[in-house]
Structures are given as structure tokens and as C-alpha cells.
Amino acid sequence: MLAIVSAIFIAALSGCNQKQDYVGFVFGTNLSIHLNEKQTSKTIRQINGALADLEKLTSTALVGSDIAKINKSAANTPITVAKATFYLLKWSKELYLATDSAFNPAIFPLVKLWNFDPEGYIGAAETIPSAEQISSTLAYCNFDYFLLDEKELTVSKTHPQAMLDLGAIAKGYGLDMAVDIIKSNGFLSIGGSIGVKGDSKNIGIHDPRGGKTFGVFALGNNEKVSTSGDYHRFYFASGIRYHHIIDPTGYPAGLGQENPAICVSVIAKSGLITDALSTAFMILPFEKIEQLAKKYDCKGVIIYADKSYATFGGYEFELINNEYSKAI
Ligand code: AMP
Ligand code: MG
């Protein structure tokens with residue numbers, strides 16, 4: 001599970017007696033909260049409550065969640081959802097369109113086919129799906145099959161097998177909610193996403209292929225960082241690495257490319273944006289990433305398989321691991 005945390009905290013908190021640390025588990029990943037302010041127990045309770053509520057609405061795995069209800073609904077049957085679910089779906093639609101469907105919240109049937117869903121994933125596989133299975137499943141991994149009715153707060157699908165997965169965006173939104181609950185000073189991480197309130201924190205980005213730190217940067221007040229990579233959920237079959245981010249061809253992003261992106265960190269004020277775009281940027285070409293970074297006011301770094309890296313949006317950091325060098 002530690003491998004899931006793709007960024008590490010370098011910062012040591014000051015020794016103030018109002019400091020409180022908390023470690024938990026949410027959205028299938030580790031949660032850690034570090035507070036340096038008053039009434040920490042109450043804040044931790046509120047953050048835990050908000051994240052648990054959001055998970056109960058958006059999880060594919062929890063029976064009765066809005067997303068589980070939509071996924072098992074019949075075609076053309078409106079399902080009423082909570083405001084928070086609708087808000088995420090509306091943003092998902094925008095980002096699906098803006099990323100030319102690289103960010104695809106309707107990817108779940110393929111995530112299941114590749115056994116990267118929470119129920120199916122065991123970190124190993126002897127075979128991969130056939131080309132026929134992939135292309136027939138891809139045909140209904142289409143967000144256009146979901147109709148969002150904002151007035152009624154309902155979602156209906158027009159293809160019976162279409163299914164949603166907010167796994168690449170919900171925890172970023174949860175991070176936004178959690179940071180808003182912190183009163184003045186603290187930071188927290190949910191899996192590969194970190195958010196700060198108050199004093200800035202030095203954050204280390206893991207080397208995606210080793211135990212060392214790749215680089216370090218300062219995350220400021222209200223900023224969030226999310227990291228996506230091919231090392232969070234993956235398996236090897238016949239010596240080839242397959243990972244959990246599925247691109248519009250139906251295969252793991254970068255598969256068969258000479259020098260694919262293996263890790264992307266995105267920094268912005270919105271965790272919803274950093275989470276969704278870090279996933280999409282594992283798929284998109286660099287020129288498109290630069291365009292989207294401008295549009296959504298974010299910055300970050302892409303690490304490639306050949307140990308080169310490229311920054312976007314004016315991102316600056318201190319390179320720690322000299323095995324890596326700037327891509328030309
Ligand atoms: P993240 O760790 O935020 O990069 O999200 C990865 C998770 O999002 C995967 O485990 C899938 O559940 C889901 N996912 C996979 N591919 C995509 C995609 N192209 N667009 C949106 N979500 C995806
Ligand atoms: Mg994401």
C-alpha cells in the first residue's frame with residue numbers, strides 16, 4: 001500500500017503542542033492528516049466524516065453508492081444522485097471534452113476487463129484480455145452514453161453496459177473539501193494527492209522506478225498536488241508492464257511506445273483538477289498538456305521511461321536524483 005503514496009513529505013512540523021497527526025484509510029488508499037492549529041480532534045472528525053460521505057456516494061465498490069446505482073441501472077432509467085455526485089459528474093463532462101476523452105469517467109468496463117478495479121486487482125496476471133474483448137468493451141466506454149439532468153439531479157445511461165468510475169477525480173475533490181475544513185494550518189494526503197493550508201510544505205516526488213526522491217518543491221497555501229503513475233496499480237504478464245490508466249485505444253497508456261510517460265505530478269489550487277489532469281496527462285501529448293495547463297491554471301512535471309523529464313506551466317523544483325535529466 002505504501003507504493004500508492006507517490007509523494008512523500010519532507011517537512012518536519014514544528015514542535016508546537018497543538019500539533020496533531022492522524023493516519024487512516026479512505027478511497028481505498030492511505031489518508032494522513034497533520035494539523036498545527038486549535039481544536040484538532042474536531043477538525044479530524046469533520047474531515048473523516050466529509051471523506052467517508054463522499055466515498056459512500058462515489059465508490060464503484062460500495063453497494064448503494066450513487067455510482068454503483070447508476071452502474072447497475074437499466075438503460076434509460078433516471079437515477080437521482082446527491083449534489084456532490086452531480087457536481088463531480090459535471091466537472092467530469094467538462095474535463096472529458098477538454099482532454100479529447102483522455103480523462104474518461106466511463107472507462108470502468110475496461111478497468112474491470114483489465115482487472116484493475118478494486119475487486120479484481122491482485123497485482124498479477126497470467127494473460128491479458130484479447131484484442132476482440134478490448135474493442136467490444138471499448139465500444140461502450142463512452143461518456144456520451146450518460147445523460148445528466150441538472151434540474152432533476154438525475155443521471156441516466158443510454159447503453160445498458162456503460163459504467164462510471166470516478167476513481168481518477170473523486171479523491172482530488174475530497175482533498176479540496178478536507179483542506180477547506182482545516183482552519184488555519186495543516187496539510188493532508190490522500191493516496192497520491194496532497195493539499196496544504198497555511199504554511200507551505202516541502203514535498204518530495206518519488207522516483208517512479210526506485211526508492212530515492214526524484215525532486216523537491218514547495219507546496220503553498222491552498223495548493224494541491226496529485227501524482228499519477230504506471231507504478232500505482234500494475235502487473236507484469238509475459239514480461240510486459242500493464243498499468244491502471246487506460247487510454248482511448250482501450251490499452252494501458254503508453255503501451256508499446258518507445259518512451260512513454262511513467263509518472264505525472266500536477267499542482268493547482270483545485271485538487272479536483274490536479275487529480276483528473278494528472279491521470280489525463282499520462283495519456284496526452286506534451287503540446288496538449290501545455291495548452292490544458294494554461295486553461296486550468298496548473299503546472300507540473302512529466303517523467304518519461306528513459307529517465308528524462310519535462311515541466312509545464314512554469315513549474316520549478318529541485319532535482320535530487322541526478323540519474324534524471326531534462327528532456328531536450
Ligand atoms: P489516478 O490514480 O488518479 O491516476 O486514477 C487512476 C484510476 O482512474 C484507475 O485506477 C481507474 O479506476 C481510473 N481510470 C483509468 N483510466 C482512466 C481514464 N483514462 N480516465 C479516467 N479514469 C481512469
Ligand atoms: Mg487522478
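Which residue in strand 3 is the bridge partner of Lys19? The tour below reaches that pair after a view of the whole chain. The model is predicted.

**The whole chain**

Begin with the full chain displayed as a cartoon. The chain holds eight helices and 18 strands. Along the principal axes, its C-alpha atoms fill a box of roughly 55 × 45 × 35 Å. The radius of gyration is 19 Å, which agrees with the value near 20 Å that a compact globule of 328 residues would have. Of these 328 residues, 54% count as buried. Among contacts with a separation of 6 or more, 64% link residues 24 or more positions apart. With a surface displayed, the accessible area comes to about 14300 Å², and carbon and sulfur atoms contribute 52% of it.

**The sheet**

Next, select strands 2, 3, 7, 8, 11, 14, 15, 16 and 18. In the order 2-3-7-8-11-14-15-16-18, these nine strands form an open sheet with mixed pairing. Its edges are strand 2 (19-26) and strand 18 (325-326), each of which pairs on one side only.

**The hairpin of strands 2 and 3**

Select residues 19-36 to isolate this part of the sheet. Strand 2 and strand 3 make a hairpin with two residues between them. In the turn, Phe27 has a positive phi of about 50°. Eight bridges pair strand 2 with strand 3 (residues 29-36) in the antiparallel sense. Here the opening question is settled: the bridge partner of Lys19 is Asn36. Elsewhere along the hairpin, Val23 stands opposite Ser32.

Now keep strand 3 and add strand 7 (186-190). Strand 3 and strand 7 run antiparallel and are joined by five bridges. One place to look is Ile33, whose bridge partner in strand 7 is Leu188. Strand 3 is mostly covered, with seven of its eight residues buried.

**Helices on the sheet**

Add helix 1 (residues 40-58), which lies across strand 2, strand 3 and strand 7. Helix 1 runs at about 15° to strand 2. Then select helix 8 (residues 286-295), which also packs on the sheet. Helix 8 touches strand 15 (299-304) and strand 16 (308-312), and its direction makes about 30° with that of strand 16.

**Helix 7**

Select residues 271-281, which make up helix 7. How many of the residues of helix 7 are buried? Eleven of the eleven are, so the helix is largely enclosed by the rest of the structure. Among the buried residues are Gly271, Leu272, Ile273 and Phe281. To see what covers them, display helix 3 (83-98), helix 6, strand 11 (224-229), strand 14 (261-268), helix 8 and strand 16, which are included in that cover.

**The magnesium site**

Finally, select the magnesium ion (ligand 2) and the residues that coordinate it. The donors are the O atom of Ala168, both O and OD of Asp275, and OG1 of Thr279, at 2.1 to 2.6 Å. In sequence, the donor residues are spaced A-x106-D-x3-T. Ala168 lies in the loop between strand 6 (154-157) and helix 6 (170-181), whereas Thr279 belongs to helix 7, so the pair ties together parts that are 111 residues apart in sequence. Is Thr279 buried or exposed? Its relative accessible area is 12%, and buried means under 20%, so Thr279 is buried.

Methods
Residues are numbered from 1 along each chain as its sequence is written. Chains are lettered from A and ligands numbered from 1 in the order in which they are written. This is a predicted model: local features need pLDDT of at least 70, side-chain atom pairs count only at pLDDT 80 or more; totals for chains, interfaces and linings use all residues. Side-chain values use heavy atoms; hydrogens and water are left out. Two strands pair if DSSP finds at least two bridges between them. Helices (H or I, at least four residues) and strands (E, at least two) are DSSP runs, numbered from the N terminus. Contact means heavy atoms within 4.5 Å. Axes are lines fitted to C-alpha atoms, for helices over the stretch in contact, and angles run from 0 to 180 degrees between N-to-C directions. The radius of gyration is taken over C-alpha atoms; the globule rule is 2.2 Å times the number of residues to the power 0.38. Buried means under 20% relative accessible area, exposed over 50%, partly exposed in between (1.4 Å probe, protein chains only). Accessible areas come from the Shrake-Rupley method with a 1.4 Å probe; for residues, only the protein chains shown count as cover. Donors are N, O and S atoms within 2.8 Å of the metal (3.2 Å for Na, K and Ca); water is not among the atoms, so sites may look incomplete.
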